[in-house]
Structures are given as structure tokens and as C-alpha cells.
Amino acid sequence: MGQRVLGTRSFLFRSDSDRWLSILRIGLGTELILYCLSLWKDWDYLLASTGRGLISRDLAEAVLGAESIVIPRLSWLVALGEKIGFQSETVVQAAWVLLLLAGILLCFGFYSRTAAVAAWFMHLCAVKSGDLVVYGVDNFVTIGLFYLMLSPLPDRLSLDWRLRKPKEKDPELLGFWRRILQLHLCLIYFFSGLTKALGAGWWNGSNLWRALIRPPFNVVSSEILVNGKHFFPVLGVAVWVIEIGYPFFVWNKQTRAAWLMSVIFLHLGIGLFMGMYLFALVMIVLNLAAFGPGTLWREKQTADVDRSAPAETA
Amino acid sequence: MHLFCIAAICARETIWALAQGPSIFPPSFDPIWKKTDQVAAAIFGEKLPLSQPTRQVTTGYEHLAGVESGYGFFAPNVTDSSELLFELHYSDGRIEYDLPSVGSNAAGIRLATLLDKIRLTEDSDLRETMIKMLTHANWQEHREANLIRAIFGQVVLPGVDQFERGERERFDVLYTYDFVARASQDRPSQ
């Protein structure tokens, strides 16, 4: 029993460097900047209150409010802004500016912790108030920002580190948060693959074809895609095999790099062939942060501990 | 606890997906999945009132951590996509057609998500309210229209073989709503 507890502890709290945190910080900062820029024309339109935009954020917030009162939303900021004399539209626009600013600060690692908390909060306000127009990418950004904000910032590549020379971070705590991210990704891929494998269309290729021709993901013309119809069954099966296999093969030293690259190529494919660039980017960032250091490139050995690779499982 | 929560939510969604069908399992399994789904709903407290404090706290935490839903994207089946068409009627008898529009591809994906959510909404009042909001947004660009017919439907996708035989996407109408714009109102009313 004691051995098991010790084993679990050493698995969860394995000493690690902060390189993965640098990847997560810069990657999510870039994601937020692109998210803001991609929506700058439509931000007000998507997040307006009743009668002023595409769909009412009041409707999404009403549903959200019934589910739980603690979920952040734009109406909190609007109410606060109105108390000090700002109009609702001004506050919504300010939220965009603040989110963009948080993304830029994260990229540079300037006021990293404050920027991470602000980015998590502002992003959550936006996606929860715009709950009717959110999709998978928003969930993954929230997940990444949640871990980033709780992790021991700043990292060595940040401006904070160079300017303020903070204390060395606890390598076990760094390892712990990386491990949680790794385990979370394993759950994501396992269940994503499992749910796909339950559909006959992912065995005969028809679901892959449908996913690629389904508006608005029909980036490549159907006339071109149909030429590759013989590959759809193989590729369809490959998708869920890669996903289900992730938690099994990414821990093994011999297969880790190959599996990681397979998943990264899968997301590159989704980005290029389905136009889901932001989704592809956030998934690649999460994967690189979780398993990249020590797998796809070597890390410098630090004085106190070998922090080069993720832990092996038996 | 956090990871257990994620695994539980994912497992719950997988059961839900099986209950919705169809899946690789024979149709004779459907009652089993539906029963399992009901049991899972009870275990997860989905039948408790939304105001129940435990439910409020757990739901709140799930949203804060971004783990409130599973990861069954495009699974187990890729559904048809949804479409909303506006038929704009003018006082001079002219009829024009328009689609909901946004300014970028990124927002286009979000609009498509919204239309899918409307299609999957079981509450007819909520569905009508959302379509009315989209109609109002379109009416802002066509203020002279005195009646807007919102035609909501799904785009049925052809299979590979059907596509090779020359079949293309088909628009099937699911719901139609007429909204009348009155001069005294700032939005169309049904």
C-alpha cells in the first residue's frame, strides 16, 4: 500500500524543467491573439445583447445563470462598467482589447501570472456569454489557460524571469502540472477515439468524407476529394486508432515520438483540410507542451535534477 | 478528483452518444443504451433541480476548468449541417432571399455551430426565439421588408457513391416561421 502511494506520488510529482510551461504560455498567447484578430469584425455582433447583434448574449447568460451562478460572464463586466459610466458596447469592446493585451503579455512573459489569470477570466467571460456560438476550440483554450494560470509561472524564457530574477520554481510542482496536462490529454483522446469507433461511418470512411464536405468545413472541393475515396476507410480508421492509442503509446519511450507526431499531423490535417486553424493550433500547443520537451527535442540538463524527459511507465 | 471528474463526464457523454444511436452495435442493443443513459443521468444528478447547491458548485467548477463537456467531436456520426434561409417580402411584391452573414471565416464556423444548436434544440419555444433573433439581425439590413419568412432546414450530404452518380447536397425544410415587420416596432413579430 505504502509502495503504491509512493509510486503514485513519484509519478505525479516527477521533477521537471519549465520548458513545457514556456511552450504552453507562448502557444496560448499566440492562440489568444489569433482568436481576437479572427473575430475583431464580428466581436460586437456575436456578443451583443438582445436586439443588437446576431443572437442575444442575454439568452446564453440566462441559461448559464440557471446552471451555476459562479460561471464568469460578460454581464458582470457590463454591470461593473455601467456603475462607472461606461456603456455596454464599450465594455464588450474593452473585453476584446484586454483579451488581446493578455495574449500579447503571455507571448512575451511579462506579468505572466496576472496575464494568465486575466486571459483565463476574460476568455471565459467571452465564451460563456457567447455560449451559443462556441465550439471545441474554446473548451481547449479554457483548459490550457486553466492549467497555465495554476502552474508555477514565470518560466525561464519569460521577460519576467530576465527582468525580476525570481526564485527557482519547485521542479516537482512543475512536473505535477505537466503530468495533469498529460493525463488530461490522454483522457481527451481516448474518449474522442472511443466515441468515433462507435460509429460505423468511422470504419467505412463515410464519416471522414462527410466531415470534409460538410459546410463550413468544406475547404477542399468535393470533386477533388472524391478522387481519394479509396483512402477514406483507412484514414477513417487511422483517426480513431491514433486517438484511442494515444494513452497507451505516448507513455512508451519507443512509440512516444511517433505517436506524438501522428497526432500533430492529424491536427495539421484538420487545420488545412477543414479550415479549423485555431482548433489545430491549440491542440498542437497542448500536445507539444505536454509531451514535446524530452521527446521531440532534448533539453539541457540542469544542475539539480535530470529534467529531460517525461516519466516512463512500467 | 479533477481527472476523475473529466473521465466521468467523458464516459457519460459516450453513453449518451450510444443512446442517441445509431452505432456499430445492432439495433437490439438500443433499449439497453437508453436504460443505461437514464441510470447515468440519475447518477450524475441530472434530474436534480438546477438550483441544488451541489449541482451549482460542481457545474461551476466544470465550466471554470473547461471540462463541462466530453470530446466526442464528429462522433459517433457526422450529422448533416443546418441552414437558415430568409425569404424577404417587400410591399411592392418583390421577394428576395438572403442568408445570415458574418464578417469572417472564423465567425462563419461559429454561425454554423449556432445553427446546429438550433436544430438540436428540443424546446420549440426556445428554437423559435433563437430564429427570431437571427431574423431580427437580418431585418436590420433589410428594413424595407415587411415580412420575413425564416426557413430553417438541414443540408443532407450525399455519400461518396451518390456524389459520383451526380447527386449533390439537398436542402430539407424543417421549420418555417413568418415574421411581420410593423412600422411601430423595432423588430419583426410573428
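These are my notebook entries on a predicted model, taken chain by chain.

**Entry 1: chain A overall**

I started with the secondary structure of chain A and counted 16 helices and 0 strands. Next I looked up the extent of the C-alpha trace, which spans about 60 × 60 × 40 Å along its principal axes. The radius of gyration of chain A is 21 Å, which agrees with the value near 20 Å that a compact globule of 314 residues would have. I then checked burial and found that 49% of the 314 residues of chain A count as buried. For the contacts, I took those in chain A between residues at least 6 apart in sequence: 71% of them join residues at least 24 apart.

**Entry 2: the two domains of chain A**

The domain assignment splits chain A into domain 1 (14-153) and domain 2 (178-314). I looked up how far apart they sit, and their C-alpha centres are separated by 26 Å. Across the boundary, 21 residues of domain 1 of chain A are in contact with 22 residues of domain 2 of chain A.

Which helices of chain A supply at least two residues each to the side of domain 1 that touches domain 2? They are helix H2 (19-38) and helix H8 (136-150) of chain A. H2(A) gives the most to that side, with 10 residues. I also sorted this side of domain 1 of chain A by class, and it has 11 nonpolar, 6 polar and 4 charged residues.

**Entry 3: two places inside chain A**

I picked Ile188(A), which has its place in helix H10 (residues 171-197) of chain A. Is Ile188(A) buried or exposed? Ile188(A) counts as buried because it has 23 C-beta neighbours inside 10 Å, and 20 are enough for that label. I also checked Ile188(A) against Ile244(A): they are 56 residues apart in sequence, and 9.3 Å lie between their C-alpha atoms.

Then I turned to helix H12 (residues 206-213) of chain A, which is mostly covered, with 8 of its 8 residues buried. Among the buried residues of H12(A) I noted Trp209(A), Arg210(A) and Asn207(A). What do the buried residues of H12(A) pack against? In chain A, I found helix H11 (201-204), helix H13 (222-225), helix H14 (232-249) and helix H15 (253-274). Helix H6 (160-164) of chain B joins them as a packing partner.

**Entry 4: the sheet of chain B**

On to chain B, where I traced an open sheet of 4 strands in the order S2-S1-S3-S4, with antiparallel pairing. Its edges are strand S2 (95-98) and strand S4 (170-180) of chain B, each pairing on one side only. Neighbouring strands of this sheet are turned by 25 degrees against each other on average, direction ignored.

I looked at one pair in detail: strand S1 (residues 81-89) of chain B runs antiparallel to S2(B), and 4 bridges join them. Glu87(B) stands opposite Tyr97(B) of S2(B).

**Entry 5: helices on the sheet, and the domains of chain B**

I followed helix H4 (residues 105-120) of chain B, which lies across S1, strand S3 (147-156) and S4 of chain B. H4(B) runs at about 95 degrees to S1(B). Helix H5 (residues 124-139) of chain B also packs on the sheet, touching S1, S2, S3 and S4 of chain B. The direction of H5(B) makes about 120 degrees with that of S3(B).

Last, I looked up the domain assignment of chain B, which gives domain 1 (2-65) and domain 2 (81-180). The C-alpha centres of these two domains of chain B lie 31 Å apart.

Methods
Residues are numbered from 1 along each chain as its sequence is written. Chains are lettered from A and ligands numbered from 1 in the order in which they are written. This is a predicted model: local features need pLDDT of at least 70, side-chain atom pairs count only at pLDDT 80 or more; totals for chains, interfaces and linings use all residues. Two strands pair if DSSP finds at least two bridges between them. Axes are lines fitted to C-alpha atoms, for helices over the stretch in contact, and angles run from 0 to 180 degrees between N-to-C directions. Two residues are in contact if their C-beta atoms, placed from the backbone, lie within 7 Å. Domain bounds come from an automatic or database domain assignment. A residue is buried if 20 or more other C-beta atoms lie within 10 Å of its own, exposed if 12 or fewer, and partly exposed in between; C-beta atoms are placed from the backbone. The radius of gyration is taken over C-alpha atoms; the globule rule is 2.2 Å times the number of residues to the power 0.38. Ala, Val, Leu, Ile, Met, Phe, Trp, Tyr, Cys and Pro count as nonpolar, Asp, Glu, Lys and Arg as charged, and the others, Gly among them, as polar.
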